[in-house]
Amino acid sequence: MIRWISLVIVLVAVFAMSLIPPYFFRLADPFQGPMKAVSRPPPPAPLENYVLVIKADSEKEAMYKLGYAHAYYRFFQMDVMRRVVQGRLSELLGEAALDTDIYFRTRGLYIAAEKTWAYIKERYPQFADLLEEYTRGVNDFLASNPPIVEYLILGKRPEPWSPVDSIAIGKLIAWSLSGGEDDLYLKELVDALGPEFLKIALVRADNTPILPQKASFSPLGSNNWVISPGLTATGKPILANDPHLSLSAPPIWIFQKVETPGYTVMGVAFPGVPVVVIGTNGYVAWGFTNTGVDVIDYYYYVWSGDRYYYNGTWLEAQRRVEKFRVCDLNNNCAVRSIDVLETMHGPVVDFRGQRYAMRWLGNNVTLEAIALYMMNRARNLTEFLNGLRYFATPSQNTVYADRYGVVAYFASGYYPIRDGGYLPFNGSRGEGEWRRLVWLPDVLRYINPPYLATANNKVADANIYLQWRWADRYRHDRITELIAQKIAGGKISASDVMDIQRDVVDISCRDAKALLRLYGGVAGKKLLEELDGWDCAMAPSSLTAARYAMFVYTLQKLSWERFNVSITFVPFEVTLASIGRGLIDRAIVEKAAEEALKINSPWGSIHKYNIQHVLSSVFPSLSYRSVEAPGDWFTVNVAPGFAVSHGPSVRFIVAFGDGIYMMLPGGPDGDPLSPLYDAMYIPWVRGEYVKVG
């Protein structure tokens, strides 16, 4: 998930502060008070059908206009994202953001962004010129002293943009999809439960692989799918993608169309980054879901002060001092500082009192921006792959389709070959060194399958460790089940694909019923009888859906909460296997059934969207309104938890020969006073689409 979106910024202290003009605006509800009189200049580029449209006579002009328009519609969002990577949120949002600043400053993402920008300027000057034009557009907008609502609320002024900030947003996205501290949490579970749990977690035998053939390395939360031309109503391929990210107000994406003399590309982009991430240019179309391939390792050492023992030698850790300015709403700032040690493997982080050095592929110079730029311009599979070769991290399940009828799948990115990787290494003994990097499309690909779907599930039954926290197989299996049903009924259309993206049947109920038959008591048998008469649809009006969700939630909670990890950290398949092998007390099945039967309200009454603005703790009106949410953790139309803040961050369909369809969970305009602020939100909830090409 994108971590900054889920931050709860506690700014209640605003009301205890002695505020005088010009801080008056900060006490006004932006939707009701005098801030309603704030007006912006006319937009620099139109929004057509919720799409930002940029028309230009050259690429440089397009980049300039795009930068100006991104800033016009979304600058506060851009600023928050870059400040997360910089570790400078507390300058804007105060003490409540300091822990987040320390977290990211310690890990060095912005340092990696600076190195990457310097490399791009030296090696790829043409792209560097375009990024500088984009930056000039952003800063020209800021120079007009625009009345951006959030800064008026906070009494702050926006700071100029830099090309490094655009690269940094890419590093933030990559980090959020790379696994974070997974290895460290896994170690705690293995320490508590023993090697049997590690075997269960690593094998994941029940998880359905994306690729049918066994992958070999000897030479060395999202849905997407492609359907080949022979199976579609138009005789042309269809590509669908609905990447699952944290939901925020405004949405994480902006949908844009850029028209230049050389090419036209449309799709979703991160505000602050000029390239389309998921999209089409009329020749090719592509989509991503996260593979979660493990590219983060942790190392522990024998320490003596700032010296650490490595392979028979004492080495001196480098030390950098990080200073933080923590500012209140009157711009009174206090400076805090921390020391960060760096070893040969990376920055030293603290995890529950233990020091580990962290090695992450994304802290190297990586060129995802170059990759996407080339993919935006590609006109065939060869050109697309030439771009994909520059895409290092995060590894993605990449689906591809083109106007010529080719469909394909690639596990993109680079993977470090080492012995293990799922648990921290003894760095003092020299364990865990990366011997080489493998380009995953060389070994994990499928050209022209009849159809193929990915849903963050296992990529392949590979003969090497890739990762262990694959998403449960249920979304993937439901998608392929529905595609097969559609094929049996005739040719597949874009409308059929929309039906699949909206689907709310949770086939995990089949495994849950088997569990209840084996280990349920009186309550378990009663719940099983109810589930046997249910279609497994997580509809808001269904009482059984609510009871089933509570059963799954309680099962996960009773299994893992005592280990001080998130109840969603361990996949449901691993929970079921752990119960089946007696590693987890089987009595929890009956306890979970008892909790489920206490629910007497339909699913929609306890399952609602909770899509918030970063300042919502002070101004709730900045958030989108709470409405009933269909689906659950394991449905194609995913909606995990009870207060749903994660889900399809865009629904996107490219049906060659028919059209391009999309819908975002919010609005294109980040200004809370704009009528377009939440324009797509309710249509997205209802599963509607707009045709944009």
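**Helix α7, Y373 and a nonpolar surface patch**

Of the 14 residues that make up helix α7, 13 are buried, and the helix is accordingly described as mostly covered. In this predicted model, α7 comprises residues 163-176 and spans 21 Å between its first and last C-alpha atoms, a value close to the 20 Å expected at 1.5 Å a residue.

A second helix, α10, is formed by residues 368-377 and contains Y373. The relative accessible area of Y373 is 11%, and the residue is therefore classed as buried, the cut-off for that class being under 20%. When neighbours within four places in sequence are set aside, the residues in contact with Y373 are E59, Q126, F127, L130, Y263 and V275. With one of these, E59, the contact includes a polar one, in which the side chains of Y373 and E59 are paired at 2.9 Å. With respect to L385, which is twelve residues away from Y373 in sequence, the C-alpha to C-alpha separation is 12 Å.

Another tyrosine, Y309, is located in strand β11, which covers residues 307-310. Its relative accessibility is 30%, so Y309 counts as partly exposed, a class that lies between the limits of 20% and 50%. Together with V302 and W314, Y309 makes a nonpolar patch of about 260 Å² on the surface. The two tyrosines thus fall into separate classes of accessibility, Y373 being buried at 11% and Y309 partly exposed at 30%.

Key: Residues are numbered from 1 along each chain as its sequence is written. This is a predicted model: local features need pLDDT of at least 70, side-chain atom pairs count only at pLDDT 80 or more; totals for chains, interfaces and linings use all residues. Side-chain values use heavy atoms; hydrogens and water are left out. Helices (H or I, at least four residues) and strands (E, at least two) are DSSP runs, numbered from the N terminus. Buried means under 20% relative accessible area, exposed over 50%, partly exposed in between (1.4 Å probe, protein chains only). Contact means heavy atoms within 4.5 Å. A polar contact is a pair of N or O atoms within 3.5 Å; within protein, one must be able to donate a hydrogen and the other to accept it, and residues adjacent in sequence count only if both atoms are side-chain atoms. The expected span of a helix is 1.5 Å times one less than its number of residues. Patches are made of residues with over 30% relative accessible area and no salt bridge: like charges are joined within 9 Å, nonpolar side chains (Val, Leu, Ile, Met, Phe, Trp, Tyr) within 5 Å. Accessible areas come from the Shrake-Rupley method with a 1.4 Å probe; for residues, only the protein chains shown count as cover. A salt bridge is a side-chain nitrogen of Lys or Arg within 4 Å of a carboxyl oxygen of Asp or Glu.
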